[in-house]
Amino acid sequence: MTGTDTIISTRIRLARNIDGLPFPHKISELHARQITDGVERALSAADRFIRYDMKSVSPLDGTLLQEKHLISPDLLTESPFGAVLISADENVSVMVNEEDHIREQVILSGLSLDQAYDRVNKIDDIIATSVKFAYSPRLGYLTSCATNLGTGMRASVMMFLPALTITNMIDGCINDVGRLNMTVRGVYGEGSKADGYLYQISNQRSLGMTEHDILDSVKSAISHIVDAELKARQLLRRDESELKDKIYRAWGVACNAYKISTPEAMQTLALIRLGGYYEYIDIFAGNDYQKLITNIQPASIQKIYGGNINADERDIFRARFISANIQKSAKRI
């Protein structure tokens, strides 16, 4: 693995509201259902989308969608008339009646800002043929939150930044990109922790900028962060015996632990991923390794287990699952 493993995935999200209707926090159930039905009809012309209404989704399945980043925590817990439409490949999800009437998002692996924008823009055009978006010539797209006014676009990149975190340089890096009008959040967005050294970097401004201005500004910030992370990785290597010990201990835990919590599993697998960069670990199936990280989340691991288990039983099963799967995508050198 090379320095490109600092970039995990890219997400582009567009926030839209329908002209003439109250924002979702004041909308009636009838209007909310009409919006969802209309979006579903429009999307049927683009691809096969699966619809999930939050009031009928089980807590387990709802959390599973959240763990896959297909819905937000607010759609799951704070949106009584919320729904989501998800493409067959799970790269596109359209949340309805969350903070805004419509939130279209595309998630692609790696640094794929232009490709993700092209795809979400096509989805946006398709929906716009069926509904009239709330738009002001002066302010742009009208959104529930003032920070999304303008393009209504949030471009974000999920980054793996272990060295900056371990060397306590991450705060300085966050301050640097803050001056570029970027914001840094944890793995599940605002208010979440950076488990597994994963951070989301996204634009903070939307008003007064074009979509391409935003893409360019995010690319510039990402380039700065990648350079800083790679320099920090060189600093870590100065004490190579300590670094190797930390990584090989993580490998031992992954292969032999009797039980393991989600945070410890994320930390363990993150150190193994870092070992791949230094070529202490051979990660030969990167996509399988990333899937393993997704599958160890609480709802995902319970779904794989196939029945109801308590937290302690889940930690035991997670350890067995990691041990059984880790060597399918990586090996110690």
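Arg 51 and Asp 53 make a good place to start: they form a salt bridge, with their closest N and O atoms 3.0 Å apart. This is a predicted model, so read every distance here as computed from it. Arg 51 counts as partly exposed at 23% relative accessibility, and Asp 53 is also partly exposed, at 22%. In total, the structure holds 20 salt bridges.

Now take a look at Arg 103. Its salt-bridge partner is Glu 98, and the closest N and O atoms of this pair are 3.4 Å apart. Is Arg 103 buried or exposed? With 8% relative accessibility, Arg 103 counts as buried, and Glu 98 is buried too, at 8%. Going back to the opening pair, salt bridges with shared partners link Arg 51 and Asp 53 with Asp 37 and Glu 40 in one network. As a general point, side chains of opposite charge can pair when their charged atoms come close.

One more pair is worth a stop. Lys 132 forms a salt bridge with Asp 19, the closest N and O atoms being 3.7 Å apart. Lys 132 sits in the loop between α4 (113–128) and β6 (135–136), while Asp 19 sits in the loop between β1 and α1 (29–43), so this salt bridge ties together parts that are 113 residues apart in sequence. Lys 132 is exposed, at 59% relative accessibility, whereas Asp 19 is partly exposed, at 41%.

From Asp 19, step back into strand β1, which covers residues 7–16. Nine of its 10 residues are buried, so the strand is largely enclosed by the rest of the structure. What does β1 pair with? One partner is strand β8 (residues 153–160), in the antiparallel sense over seven bridges; here Arg 13 stands opposite Arg 154. Another is strand β5 (residues 102–109), again antiparallel, over eight bridges. In β5, Ala 15 has Arg 103 as its bridge partner, the residue that also forms the salt bridge with Glu 98.

In the loop between β4 (92–96) and β5 you'll find His 101. His 101 is buried, with a relative accessible area of 0%. The side chain of His 101 reaches the backbone nitrogen of Ile 18 at 2.8 Å. Leaving out residues up to four places away in sequence, His 101 touches a list of residues that includes Arg 16, Asn 17, Leu 21, Pro 22, Phe 23, Ile 35 and Met 95.

Helix α2 (residues 59–67) has its own buried set: Gly 62, Leu 64, Leu 65, Gln 66 and Glu 67. Among the elements covering these residues are β2 (49–53), α3 (73–77), β3 (83–87) and α11 (298–305). After α2 comes His 69, with a positive phi near 65°.

That brings up backbone angles. Most residues other than glycine have a negative phi. Which other places go against that pattern? Asn 168 has a positive phi of about 60° although it is not a glycine. Asn 168 lies in the loop between α5 (162–166) and α6 (170–178), and it is exposed, at 67% relative accessibility. Glu 279, also not a glycine, has a positive phi of about 65°. Glu 279 belongs to the loop between α9 (262–277) and β11 (281–283), and at 57% relative accessibility it counts as exposed.

Note on methods: Residues are numbered from 1 along each chain as its sequence is written. This is a predicted model: local features need pLDDT of at least 70, side-chain atom pairs count only at pLDDT 80 or more; totals for chains, interfaces and linings use all residues. Side-chain values use heavy atoms; hydrogens and water are left out. Helices (H or I, at least four residues) and strands (E, at least two) are DSSP runs, numbered from the N terminus. Buried means under 20% relative accessible area, exposed over 50%, partly exposed in between (1.4 Å probe, protein chains only). Two strands pair if DSSP finds at least two bridges between them. A polar contact is a pair of N or O atoms within 3.5 Å; within protein, one must be able to donate a hydrogen and the other to accept it, and residues adjacent in sequence count only if both atoms are side-chain atoms. Contact means heavy atoms within 4.5 Å. A salt bridge is a side-chain nitrogen of Lys or Arg within 4 Å of a carboxyl oxygen of Asp or Glu.
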